[in-house]
Every structure is written in structure tokens, then in C-alpha cells.
Amino acid sequence: MDASRLSLLLDSIIAEIVAQRTQRLAPPRPVMRAIVSGEDLATLPATLDCLAALDRNGYQLVIAFSHSAMQSPLRAACLEALARRGIDVLCDNQPPQETDAPWHGLYLPALSSNSLSKIALGIRDNLVCRWAFHALRLNKPVVATLNAECQPDAAFSLPAALRARLANYAATLAAYGISVIGQRPMQQMLPTSAKKPLITRSEVRRYAKGAALHVPHHTLITPAALDEIRDRGITIVRDGQEETCIWPG
């Protein structure tokens, strides 16, 4: 071996040793867990953009896939696209425990109206819901981005009562401590009646039990509507503050 080839080989070996040492000494990246759910490939571009943003901000991504995602092309397409972007991820469908390596929080991309509703109602019959409540129990930050069906452009084609219910479900998640990206547009999709100066019983009946009814400062609520609010366990939120009601009768 001539001197030139030997020099190149030594340079390569030294560079590899330095890279390995740098990697060992580098502080561990904070772990962000994410759950990719559903089977709609149309949700993938937005999900990839969000996962890439987390990667750029220094998070190690640990991704779980729901049953529907694993049975559809979504899982393979997601992993292939992440690899093309040079994003290193780990796959783990086991819920993290207190004794596991530290993890920062949980991200729920493209949260569907189905999972949005179930989390709001405390139902835990799918992976997304179980992990959401698991993370909340461990006091971990939970962030959810809404699926296109819950976004303003799509939701305006839905009946007003359903728009109101989805908006209240998003508000319920926020009350749990989940950061819902897209919650503000959802709140703007409340029926026009909720923005009128008078709320009646028929309008209250559009809301789910235990929901939050957001009303402007000068809005009046009829006695019959207050009865309905009490019976449904609805919380009145006026200008961002929960209101203590004096019930009629």
C-alpha cells in the first residue's frame, strides 16, 4: 500500500472514530412519541410536515401505528416518506411506563372526529384514546392536530348541530390539558345561535352532556335554557371564564 492510500485510509478511520466519540458524548435527544392512525393517505402530507418539524427541533421520534394504519398502506407510506426525508424514527406500539426511558410528550397527528369524540367522552377502546389518557395520567404534554374533516373548510358542510358538538369536543380536550391545534377555528364554527344575544333551551340541546358552552359577555340565557344546562351538566364559559350560575326556581 502506497503512502497516499495509507493516508486516505487513516483519515477515514480517524473521522469514523471522531464521529463515534461525538455521538457518544452528545446529549440524548428528548423523545417525542406519536401515534399515526387511520387509513386515509390524504392525511399523510400534513402528518409528515409536523413530524419533520419535531425532528428539526431536536426530538427523537418514537412512532406507534394504530390497527387501521397497520392494515392499510399508511404505515409503509409514512415510514418510507420519513426515510426519504432522512428522519430517523423508532417504532414501538407498547404504551410507555414510568420506568421507561424519559420521554417528553405525545403527539396525535390528524386526529379524526371519531377519536376526538371518544377522548372527549372518556372512551378508551382504541390506541389513540388509551395513549392520550395514559400520557395525561403521567402528566406528559399532549398535542393533537385535527384531521381535515374537523377543519373549517370541511366542517362547514356538516350540520350545525354536529359542528357545535365537534367544537365542544375540541374544547373538552383543551380542558383536559391537551393542546388542540385547530381548536380556534373549531370554536368559530359554533352555530350562529351561540353568538346571538339570547340563548334558548332548544339551542342548548344541540350541545353534548358535559360540554362547555362559550357565550359572549352580554349574552342572556333564558330560565328554561339554564334548566337544560343544569340537567346536561354543561359548563358556561363567558369570555374565557367559567361562570357560576344561579339556577332559576
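In this predicted model, tyrosine 176 is partly exposed, with a relative accessible area of 34%. Tyrosine 176 belongs to an aromatic pair, and a search of the whole structure finds one such pair. The partner is phenylalanine 133; the ring centres lie 6.0 Å apart and the planes meet at 55°, so the pair is tilted. An angle over 60 degrees would have been needed for an edge-to-face pair. The contact links distant parts of the chain. Phenylalanine 133 sits in helix H6 (residues 127–137), and tyrosine 176 in helix H8 (residues 160–176). The two residues are 43 residues apart. Phenylalanine 133 has a relative accessible area of 13% and is therefore buried, the limit being under 20%.

Tryptophan 103 is approached by charged side chains. Arginine 33 lies over the face of tryptophan 103, at 5.8 Å from the ring centre. Lysine 140 also lies over the face of tryptophan 103, with a distance of 5.2 Å from the ring centre.

The whole structure was also searched for enclosed space. One cavity of 30 Å³ or more was found. The volume of this largest cavity is about 40 Å³. Its lining consists of Ile35, Val36, Ser37, Thr43, Leu44, Thr47, Leu74, Pro109 and Ala110. Three elements each supply at least two lining residues: strand S1 (31–36), helix H2 (44–56) and strand S4 (105–111). By residue class, the lining divides into six nonpolar and three polar residues, with no charged residue.

Alanine 110, one of the lining residues, also stands out in its backbone. Most residues other than glycine have a negative phi. In alanine 110, phi is near 50°, a positive value. Alanine 110 is found in strand S4. With a relative accessible area of 12%, alanine 110 is buried.

Asparagine 139 likewise has a positive phi, near 60°, and is a residue other than glycine. Asparagine 139 lies in the loop between H6 and strand S5 (142–146). The relative accessibility of asparagine 139 is 69%, so this residue counts as exposed. The positive phi values thus occur in contrasting settings: alanine 110 is buried, whereas asparagine 139 is exposed. Helix H6, which precedes the loop of asparagine 139, is also the helix that holds phenylalanine 133 of the aromatic pair.

Notes: Residues are numbered from 1 along each chain as its sequence is written. This is a predicted model: local features need pLDDT of at least 70, side-chain atom pairs count only at pLDDT 80 or more; totals for chains, interfaces and linings use all residues. Side-chain values use heavy atoms; hydrogens and water are left out. Rings of Phe, Tyr and Trp (its six-membered ring) pair if their centres lie within 6.5 Å; planes under 30 degrees apart count as stacked, over 60 as edge-to-face and the rest as tilted. Helices (H or I, at least four residues) and strands (E, at least two) are DSSP runs, numbered from the N terminus. Buried means under 20% relative accessible area, exposed over 50%, partly exposed in between (1.4 Å probe, protein chains only). A charge sits over a ring if NZ of Lys or CZ of Arg is within 6 Å of the ring centre and within 35 degrees of the ring normal. On a 1 Å grid over the protein atoms alone, a cavity is a set of points where a 1.4 Å probe fits but cannot get out, and a pocket is an open set with protein on both sides within 12 Å along at least five of seven lines; lining residues have an atom within 4 Å of a point. Grid points are joined across faces, edges and corners, and a volume is the space filled by probe spheres set on the points. Ala, Val, Leu, Ile, Met, Phe, Trp, Tyr, Cys and Pro count as nonpolar, Asp, Glu, Lys and Arg as charged, and the others, Gly among them, as polar.
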